[in-house]
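Hi,

Here is the structure I promised to send over. Have a look at it first, and then read on for what turned up.

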Amino acid sequence: MPAGCPPHSTTASLPQHGDRGFPFAAAAAAGQAPPRPRPAAAMQFMLLFSRQGKLRLQKWYVPLSDKEKKKITRELVQTVLARKPKMCSFLEWRDLKIVYKRYASLYFCCAIEDQDNELITLEIIHRYVELLDKYFGSVCELDIIFNFEKAYFILDEFLLGGEVQETSKKNVLKAIEQADLLQEPRHEYFNVPVY
Amino acid sequence: MALKMVKGSIDRMFDKNLQDLVRGIRNHKEDEAKYISQCIDEIKQELKQDNIAVKANAVCKLTYLQMLGYDISWAAFNIIEVMSASKFTFKRIGYLAASQSFHEGTDVIMLTTNQIRKDLSSPSQYDTGVALTGLSCFVTPDLARDLANDIMTLMSHTKPYIRKKAVLIMYKVFLKYPESLRPAFPRLKEKLEDPDPGVQSAAVNVICELARRNPKNYLSLAPLFFKLMTSSTNNWVLIKIIKLFGALTPLEPRLGKKLIEPLTNLIHSTSAMSLLYECVNTVIAVLISLSSGMPNHSASIQLCVQKLRILIEDSDQNLKYLGLLAMSKILKTHPKSVQSHKDLILQCLDDKDESIRLRALDLLYGMVSKKNLMEIVKKLMTHVDKAEGTTYRDELLTKIIDICSQSNYQYITNFEWYISILVELTRLEGTRHGHLIAAQMLDVAIRVKAIRKFAVSQMSALLDSAHLLASSTQRNGICEVLYAAAWICGEFSEHLQEPHHTLEAMLRPRVTTLPGHIQAVYVQNVVKLYASILQQKEQAREAEGAQAVTQLMVDRLPQFVQSADLEVQERASCILQLVKHIQKLQAKDVPVAEEVSALFAGELNPVAPKAQKKVPVPEGLDLDAWINEPLSDSESEDERPRAVFHEEEQRRPKHRPSEADEEELARRREARKQEQANNPFYIKSSPSPQKRYQDTPGVEHIPVVQIDLSVPLKVPGLPMSDQYVKLEEERRHRQKLEKDKRRKKRKEKEKKGKRRHSSLPTESDEDIAPAQQVDIVTEEMPENALPSDEDDKDPNDPYRALDIDLDKPLADSEKLPIQKHRNTETSKSPEKDVPMVEKKSKKPKKKKKKKKKKKKKKKKKKKKK
């Protein structure tokens, strides 16, 4: 990209959706209170963080600004880490339900909507851990730190837009393996975990 | 060119890859920020290079940094570059970065439209897959509109891998571009019967999500889903379908009747807890919507409650929690079936997990009856004492108040007991809910007239105690109750035993440490007290006493005049002037009490919180019209001179309990006194024995030394509410005996007469008569208030736009926009697909082209209109 063309030069043509019946924009135009970030998916987001509170992976299925994401992350990490080990895995937070589970040193934390099923969310978390485990071969936190993009690719094959897209473990892993085959051999170093 | 390539790859050897970056960050724990800013500088250099592999590597590192909380929005354009790389390796990284960092406000997002379209139609299913995944994260209304048709086509792709992704992402498209729902729906419906189970489950997911928001449009799909439900063995799909039925049944009760059987079968047969939980929840929802007309409806509820009991008894905390949560849903409609598990729920109150205790508390709300309220609250009070964290204690406090005040104090049979509970709660220092307790005190004292005397005596004790004053540092702390105490003592001062004593308590110097709004209430109510004392003294013809009180006021009020709080200062100086004026009049032996009391004539009635909003605009009143015509000549009515404070025609004489009331009260008071006297645990309230000696004639000559203790001997709010529990038991026992007698008589009569089916003598709530006949004053509402409660609807619900009739045939105008590169007028030279520009040198051009296209599209739109 030429140096003289900063990425922000397109600001003038911001997308305008006021005239498309887009509810947020229409409401804002009518002078009503700005809408709160509304859920639009079964699962709102998934966070992985360590016992020390370091974020290891984040996947947002609702469009939020970076600022909002950071705020939510900070708040949730604090709340979840403050809970005692014997406590149940669910908590109510804002108008969402948080489902979390700890695997070794990692916390897997999902936000779901009010009517959603907590137990199936725990199963989703567990299924994801199983997938990571199969892919990396007894996964540990370091695998996810050093190959975080792989962790995302696996998640993307399992969930899409906050919904489960593939319930068969075998199919998910097959898809990932085949996609990996397409990857250039020169970039092998992305694959090999090096610590 | 070749040389450049070689140079590029040599450069790359020295670049950090992602692992190097991660390792570097881990090795620079002390100066992480510095290290990262250095890395970002390097990344910026890398992004300037032509080699796409270098760029991809840089973008990959940026994605990692984004997770750590660094802003990478400046690299949005580079991300798009990497997305448009032809090699899957880079494309994958580009899309990942985009899906992590793009959002609706990202301005360059519109540049991606063509790239995404190209990837969607790529021969490689993984290119398409990666594009769909990325799009699901950052789809905007523009992208949704432009790509809806492409994605719809993909729903019929030959590969199930693409079909299921396309189906799932359609949901996001619908949300952003609701117009696409009707054209795409028939195909989506087809997918419910797709040969591939993954695609089928994706379609179920999407339709269930849609239907949950706007169920009525999807009723016609019910038979199809019913078939799916009875045939599917996939628990993930089953859960979705069952949830969907939960949303549909309120609209179609017949569906509910049909559902109960398969659902109960599932409840019996399944071993998956998640499915069981979903079934139970849906059965509950179904039964709630079918309030009547179900023959074996109580059997199903019983089954649910049984299963939930198993969950609650499980050692797994998660199941326990969810069991309690589901119970609370049953509670709303079938309180009786839950109430039988009271033991279990009370047991959960002792659980070591706070979230479980809170759930159990929620349930208690619905479990109380007139019969067990006192017992439950007593248990909660012991928990309050034991609770370690303030959050949990505060939660308990609010729950106690919620439980007691629910449905207009329906379950309270003895308000004296309730007031004592509230007084006991004031011992909680450091609570944030002082104002809650205060509000309850005020509400009860105002609305339950019979309790005022008792309330006033308790409140004066509170005012007298020192411990509340001490905690005044905290806003909203427990000192808030003094607000209520002062107001109650002032407003209902006629019930005070020793008004003079209370007056002194309210004028103590320590009061000035209270928050301003409380002091203001103190100042105002001191005058009310003063007025009633004056009246008493004047009636008793104790001129000196009256003057002494005035002197006390004149002495103490200046401390409030010096207050930093404006409200306090203003009221105090105003009142000080008033009192000084009275002092002058008193010196001339003018009776003033009448006029001073007239200041506070009339009764303050409770007003409903929404009353103001509900006042209808009277007919003929134009709110926009001038109130005053700009300066007219007409003279205002001649004003009559009035008495200083006292209006001659008293509009509303101060309410006094009527004669009959008085008698009734006296009788009840007598009865209560007797009860109290018989109870050794009852600690007699004021007048204290000391004072009584003083009052008794004949013993006046005995010198009694008033001990002035800085710490009151009597801790106010000592656990006295317990006594009521016992009293209540006795009373109920008596009542029951009486009732039994009556019943026997009736039975005998019935035996003599016709044989009727006599119900078993169960003691229901209705049998318990309240201790005092209380009439709870309802809150005032304006006349002909509008009953509508429309204020609660959320106008910003994005799902409202998806409330679309799906059964209407599709009109031509509704077809999804199909991408055309030229407008019809200008398409004389039909260009084929614009070759996608890949090389960087053409990038800026590409941008321009797209902008043009955008403009044209807008023009087109305008023309349509």
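How many salt bridges are there over all chains? The count comes to 44. Keep in mind that this is a predicted model.

A few of those pairs are worth pulling up on screen. Start with one that crosses between chains: Lys165(B) and Glu157(A) meet through their side chains in a salt bridge, at 3.5 Å from N to O. The pair runs from helix α10 (residues 160-176) of chain B, where Lys165(B) sits, to helix α5 (residues 148-158) of chain A, which holds Glu157(A). Both Lys165(B) and Glu157(A) are buried.

Then go to Asp194(B) and Lys191(B), whose side chains form a salt bridge at 3.6 Å, N to O. Buried or exposed? Asp194(B) counts as buried, at 8% relative accessibility, and Lys191(B) is buried too, with a relative accessible area of 9%.

For contrast in setting, try Arg571(B) and Glu567(B), which meet in a salt bridge of 2.7 Å, N to O. These two are four residues apart in helix α33 (residues 566-587) of chain B, so about one helical turn separates them. Arg571(B) is partly exposed at 27%, and Glu567(B) also counts as partly exposed, with 35% relative accessibility.

There is a network of salt bridges as well, and it links Glu113(A), Asp116(A), Glu163(A), Glu209(B), Arg212(B), Arg213(B) and Lys240(B).

Away from the salt bridges, chain A has a surface patch of positive charge made up of Lys67(A), Lys70(A), Lys71(A) and Arg74(A). Lys71(A) belongs to helix α2 (residues 66-82) of chain A and is partly exposed, with a relative accessible area of 41%.

Another residue to click on is Asn318(B), in helix α18 (residues 317-333) of chain B. What does Asn318(B) touch, leaving out residues up to four places away in sequence? Its contacts are Cys88(A), Ser89(A), Phe90(A) and Leu122(A). At 8% relative accessibility, Asn318(B) counts as buried, because the cut-off for that is under 20%.

Finally, chain B as a whole. It has 39 helices and zero strands, and 49% of its 865 residues are buried. Of the contacts in chain B between residues at least 6 apart in sequence, 73% join residues at least 24 apart. The chain exposes about 44900 Å², with carbon and sulfur atoms supplying 53% of that.

Cheers

Note on methods:
Residues are numbered from 1 along each chain as its sequence is written. Chains are lettered from A and ligands numbered from 1 in the order in which they are written. This is a predicted model: local features need pLDDT of at least 70, side-chain atom pairs count only at pLDDT 80 or more; totals for chains, interfaces and linings use all residues. Side-chain values use heavy atoms; hydrogens and water are left out. Patches are made of residues with over 30% relative accessible area and no salt bridge: like charges are joined within 9 Å, nonpolar side chains (Val, Leu, Ile, Met, Phe, Trp, Tyr) within 5 Å. Accessible areas come from the Shrake-Rupley method with a 1.4 Å probe; for residues, only the protein chains shown count as cover. A salt bridge is a side-chain nitrogen of Lys or Arg within 4 Å of a carboxyl oxygen of Asp or Glu. Lys and Arg count as positive and Asp and Glu as negative; His and the chain ends are not counted. The place of a charge is taken as NZ of Lys, CZ of Arg, CG of Asp or CD of Glu. Buried means under 20% relative accessible area, exposed over 50%, partly exposed in between (1.4 Å probe, protein chains only). Contact means heavy atoms within 4.5 Å.
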